[in-house]
Amino acid sequence: MFVKTKIIVNDKELTIYSEHPGNLLEIIAQAGVAIDAPCGGLGRCGKCRVNVQGELPPDNVEMTILSSAEISTGTRLACRKRHIPKNLTITITSREEEPVTTTHTIVPVDISVAIDLGTTSIVIAFVNLSDGTIMAMHSILNPQRIYGADVVSRIKAGLDKLILEKMTLLTLSAITGEINKMLLEIGLDADSIKATYIAGNTTMEHIISGTDVSSLAKAPYKPAFNSIKHVPHLKANLGTTKGDLVLFPLIGGFVGGDTVASILACNMDISDEIIALIDIGTNAEIAVGNKSGIKVSSAPAGPAFEGGQIKQGMRAQSGAIEDMRIINDELTLYVKDDTEPKGICGSGLIRIVAELVRTGVISKSGELLDAESIQNNLSLRIIKKDGEQAFVLYKSYDNEICLYQSDIRALQLAKASIATGLKLLTWHSGLKPSRLYIAGTFGNYLNPEDLIFIGVIPSYLGGNTYFIGDSVISGLKRFITAEPAVDMDMLLSNIKHIELADDPSFNKEFLSMLELTKKA
Ligand code: FES
C-alpha cells in the first residue's frame, strides 16, 4: 500500500508516495528535507518537531517531551510516528539552515570531483584538471543526520542492514543531486567528470560504500579497508558521475580518509620538519610526524567543541554566541548575525570559559565560583539553575542564556582528551613539532591564544599554529593535481596508528590535562 504524504516547507509543497514508509523522520528525509535529529530518532532530544494536520495521536514519549499547548496545536516528534495515515499534511517547524554555498562560473573543461564526506555536512568541489583550480564548491548537510548526530549513533543504526542501505542511498542521492545542480550552474555536462574522490571519516566511508559497519562497533574498531578503494558499484548510484570512483584509505580506529587528506594538505608526508595536525571534532584526529614517519590517533573529544552536550549549545548558526569580552566587570557578547542570542557555539564556549578563567569567575580546576567568592559585579550573574551553578550570559524578559557548571566539565573532558593525545603522540614521535595545523572549518573560528590559555595546545606552539579550513578538499586537490606529487603507498607505509587508551601513562596525563591552565 502506498501512503501519500504532503509536506510543506517554507510554504513550498512536496508530495511523496512511500510503500514501506518507516517513521515520519525517514519519510521527510526521502523528500530531501533535513530535520535536526541529534538523538538519532530515539525520542530523547525533542528536536524533530513537526506540525501535523490529520489524525496522529501523541504517544507517551511525546506527552512527556511536548507541552500540552504544542500537542493540542498538532506538534509531534517525527521519529515517534510509525503508523502514518493516508493523506497526512505535515508542516516543518524545525528545519535546519543549509550551509553557505559558493559557486564560480567558467568555461567547460575536464574536471575531477573532490568530496569531503563529513558526519554533519558534505563538501563537494569541482577541480579543473587543466589548471588545478577549484571551479565550484558546494556544501550540503548530510541527510543521514536523521539517524543521529554522531558516528556512534550512525554505527548503531547501520548494524541494521536495511537502515545501512537507506543511509547509503540517502547520501548518494543527496550527492548526486548536488553534483547535478553544480554541473547545471557552471554549464558542464556529466561527461566532463573524469573521476570522483571521496575522503571521509571511517564510519562515513563504510556507510557510503554500503560496507558492513559491525567491525566499527567494538574494539579494536578495525576498518574494512585500509588502502585506496575503487568502488565501481557506486558509479551506478552516482548516476551522473563518470570515470573512476575512489575512496581514500582508512588508517585504523576512527582515523579515516579525511585525516589522510588533511595530512596531504599540510605536506606532512614530504616535510623535513616535524609537523602536528589536529582535526577538532567529536572525535579529534591527531597526527604528528614528517616524511620519515607519522604517528596518528583519534581522541574521543565528545561534541562539546561543536556546541553539543552543552545545555544551551548550538552549532555556529544565526544567534550563536561566538565571542565574549569582559572589561571592568562589563560583559559584551558577540552574536552571529547580530541577533538576539539563542545559544553558545563551540568557539564561543572556548572564548567564554577562557574569559571567565582570566577574570577569576572560573577556577583553574574548572569550578564556577560562588557569588560570595567574587568581589565584583560579575557575582550578580552567578545563579543556581536546574540544580547546578550557572553564569548568566544574557537575560531578557523571555530568554536567558547561561553557561552551566556541567558545560565547563564537558569542555574540560574534551580539551584534556585532545591535549593528552597530542602530548602522547609527540612522545611516540620522539621529537617536538615545530608547527601545528588545526584542520576543519571549526578551527577557523578559534583563537590560538585561548587554546593555549586553557591548555588545549602547549604554549611552545604559540606563534606557530595555523588553521587550514578546507583541509580535506585541499588534500584531495593535491592528490588529484599531483601538486606536489603524492606517493600514497609510501605515505601509508609510513603511518602508524597508536591506540592512546593502551598507553600506560594515558590516565595520569589525562587527569593533569583537565586543569584550565597553560601547559608547557
Ligand atoms: S526526539 Fe530526537 S530525533 Fe526525535
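**Exercise 1. Are helices α10 and α14 parallel or oblique to each other?**

*Task:* Work out how these two helices are arranged in this predicted model.

*Solution, step by step.*

1. Begin with the general idea: a pair of packed helices is described by the angle between the axes and the distance between them.
2. Read off the two values. Helix α10 covers residues 405-429 and helix α14 covers residues 506-513; they pack at about 130°, and their axes are 8 Å apart.
3. Pick the label. Angles over 145 degrees count as roughly antiparallel, 65 to 115 as roughly perpendicular, and under 35 as roughly parallel, with the rest called oblique. α10 and α14 are therefore oblique to each other.
4. Add the handedness: α10 and α14 cross in the right-handed sense.
5. Find the residues that touch. From α10 come A416, A419, T420, K423 and L424, and from α14 come F506, E509, F510 and M513.
6. Sort these residues by class. The contact of α10 with α14 has six nonpolar residues, one polar residue and two charged residues.

**Exercise 2. Tracing a sheet**

*Task:* Find the order of the strands in the six-stranded open sheet, and say which strands stand at its edges.

*Solution, step by step.*

1. Start with strand β14 (residues 284-290). β14 pairs with β15 in the antiparallel sense, over seven bridges. A hairpin of two residues connects β14 to β15, and N290 stands opposite G293 in β15.
2. Move on to strand β24 (residues 495-497). β24 and β15 pair in the parallel sense over three bridges, with H497 in β24 as the bridge partner of V296.
3. Now look at strand β22 (residues 435-439), which pairs with β23 in the parallel sense over four bridges. Here Y437 stands opposite Y466 in β23.
4. Put the order together: β23-β22-β13-β14-β15-β24, with mixed pairing.
5. Name the edges. β23 (465-468) and β24 each have a single partner strand, so one side of each has no neighbour in the sheet.
6. Finish with the twist, which averages 20° from one strand to the next.

**Exercise 3. What surrounds the sheet?**

*Task:* Say which helix packs on this sheet, and explain why β15 is largely enclosed.

*Solution, step by step.*

1. Look for the helix: α8 (residues 257-265) packs on the sheet and touches β13 (275-279), β14, β15, β22 and β23.
2. Check its direction: α8 makes about 140° with the direction of β13.
3. Turn to burial in β15 (residues 293-299). Six of the seven residues of β15 are buried, so the rest of the structure largely encloses this strand.

Notes: Residues are numbered from 1 along each chain as its sequence is written. This is a predicted model: local features need pLDDT of at least 70, side-chain atom pairs count only at pLDDT 80 or more; totals for chains, interfaces and linings use all residues. Axes are lines fitted to C-alpha atoms, for helices over the stretch in contact, and angles run from 0 to 180 degrees between N-to-C directions. A crossing is left-handed if the near helix is turned anticlockwise from the far one by less than a right angle, and right-handed if clockwise. Two residues are in contact if their C-beta atoms, placed from the backbone, lie within 7 Å. Ala, Val, Leu, Ile, Met, Phe, Trp, Tyr, Cys and Pro count as nonpolar, Asp, Glu, Lys and Arg as charged, and the others, Gly among them, as polar. A residue is buried if 20 or more other C-beta atoms lie within 10 Å of its own, exposed if 12 or fewer, and partly exposed in between; C-beta atoms are placed from the backbone. Two strands pair if DSSP finds at least two bridges between them.
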